[in-house]
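This briefing goes with the sequence and structure shown here. Please read the points below with the model open.

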Amino acid sequence: MARVRVALVKCDSYDPEVVRTAVERAFSLLGGAESLLPGRGTCLVKPNLLSPSRPELAITTNPEVVKAVVTEVKKVAEGVVVGDSPGRGDTLGAAEASGVAQACREAGVSVVSFDEGLDVRVPEGRVCKDFYVAVPVVQAEALVNVAKMKTHGFMGYTGAVKNLYGCIPGTRKAKFHLRYQGKEEFGLMLLDLLAAVRPAVSVLDAVVAMDGDGPSHGRPRPFGAIMASTDPVAVDSVALRLAGVDPTVVPYLKAAAEHGAGAVAEEDIEVVGDPPESFTIKDFRMPSGNRHRSLLRFGGIMKKSITARPVINLMKCTGCAVCQRSCPPQVISMSRKKAVIDHKRCIRCYCCHEMCPSGAIDLRMGLVARALDRFIDSLAIK
Ligand code: SF4
Ligand code: SF4
């Protein structure tokens, strides 16, 4: 079987010319826009616009990366639009705050909202055969995925594959957290979604990634790379290995490896471009909810005790109720203008942590888990 090619290109800053050159080279290493998007009419470029956030916070795809990708796509596509469905706020607000709207104006393309969807059937779906997908995604002749490399409280990591979750309009996303509460089944659902929308090419903005408690409250981490591939699973697998993380700790990549839904194993991937050794990061921190996943194999009791739970920081909570609106099982109430979580009914999806605009929700492990954490750290096992 031919190996899947992943372009890995050094890019140390968001200087427009540096990014444009890096993205152009990444496309070229994959055969160029002409071969990636042959005969394409309208292309939909999908960045990560998780929330209305400034680009330096590393929550959203950097506007210079979006602009450089649009420039490449415009070489062959008749029409290009840019869109996403944010978890908080609306598309246009998130695009303005993140600088993506201005980048689109400079590139001469429009930002479109993902308010409405169409039913897309995936007969081969493992856990989900029907998705409601944003109209611009369904109507585009090609999807160009432009993700941000970040950690993620629930899945451990979000990159090229998880970015596709934004193809589902607005609050419909919450429904999937209720239906697929386990990490493994949620991961399988993401692979079914990948089969439904099938991007022509996936670009990963890892110039500045995010580690720690991502995807909204982690630490911006200079990584210095632009990656790209026709296989988003392969892009994510390469990115994680560079960060010193076994890709199979991420549920959807483990499932992809088991089900042959993309290239995960090193021997199945051909990295082209700059040498991987020049990117390696040794202290990339996974999020609190996902440390030491290897202990989960010891069973249910261990699983419960080492899974972090969301805890409201009353000093930081402004009472905005964003978390209440974003909680899939509706287990957050407001009392005296502060959020209160019913932990007995909490499914630990961490949507509240992701959406809180004030960073007022911590993911906290219990005493047993913290003791284990310290013990494992002392052994230097991650
Ligand atoms: S925890 Fe965050 S999202 Fe929830 S009410 Fe407080 S500030 Fe708002
Ligand atoms: S409280 Fe937070 S972690 Fe718990 S179910 Fe609601 S959104 Fe998910």
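The notes below cover two ligand sites, one helix and some backbone features of this predicted model. Two shells of 14 residues, one around ligand 1 and one around ligand 2, come first. Helix α4 and its surroundings follow, and the backbone points close the list.

**Ligand sites**

- Ligand 1 has 14 residues around it, and the nearest are Cys317, Cys320, Ala321, Cys323 and Cys356.
- The shell of ligand 1 is made up of 11 nonpolar and three polar residues, with no charged residue.
- Around ligand 2 there are also 14 residues, of which Cys327, Cys346, Cys349, Tyr350 and Cys352 come nearest.
- In the shell of ligand 2, 13 residues are nonpolar and one is charged, while none is polar.
- Two of the cysteines nearest ligand 2 are buried: Cys327 has a relative accessible area of 8%, and Cys352 has 9%.
- A disulfide is a covalent bond between the sulfur atoms of two cysteines. The model has zero disulfides by the distance rule of 2.5 Å between cysteine sulfur atoms.

**Helix α4**

- Helix α4 spans residues 91-98, and its buried residues are Thr91, Ala94, Ala95 and Ser98.
- Viewed down the axis of α4, these buried residues fall within an arc of 100°, so they line one face of the helix.
- An α-helix has 3.6 residues a turn, so residues three or four places apart point the same way.
- The cover over the buried residues of α4 includes α3 (63-74), β3 (79-84), α5 (100-107) and β4 (110-113).
- At the N-terminal end, Asp90 caps α4, with a side-chain oxygen 3.3 Å from the backbone nitrogen of Leu92.
- Gly99, just after α4, takes a positive phi of about 90°.

**Backbone features in loops**

- Most residues other than glycine have a negative phi, and most peptide bonds are trans.
- Ala58 is not a glycine, yet has a positive phi of about 65°. The loop that holds Ala58 runs between β2 (42-47) and α3, and Ala58 is buried at 1% relative accessibility.
- Tyr350, one of the residues nearest ligand 2, likewise is not a glycine and has a positive phi of about 65°. Tyr350 sits in the loop between β14 (338-341) and α13 (351-355) and is buried, with a relative accessible area of 3%.
- The peptide bond joining Gly214 and Pro215 is cis, with omega about 10°. Pro215 belongs to the loop between β9 (201-211) and β10 (219-229).

Conventions
Residues are numbered from 1 along each chain as its sequence is written. Chains are lettered from A and ligands numbered from 1 in the order in which they are written. This is a predicted model: local features need pLDDT of at least 70, side-chain atom pairs count only at pLDDT 80 or more; totals for chains, interfaces and linings use all residues. Side-chain values use heavy atoms; hydrogens and water are left out. A residue is near a molecule or strand if one of its heavy atoms lies within 4 Å of it. Ala, Val, Leu, Ile, Met, Phe, Trp, Tyr, Cys and Pro count as nonpolar, Asp, Glu, Lys and Arg as charged, and the others, Gly among them, as polar. Buried means under 20% relative accessible area, exposed over 50%, partly exposed in between (1.4 Å probe, protein chains only). Helices (H or I, at least four residues) and strands (E, at least two) are DSSP runs, numbered from the N terminus. The arc is that of the directions from the helix axis to the C-beta atoms. Contact means heavy atoms within 4.5 Å. A polar contact is a pair of N or O atoms within 3.5 Å; within protein, one must be able to donate a hydrogen and the other to accept it, and residues adjacent in sequence count only if both atoms are side-chain atoms.
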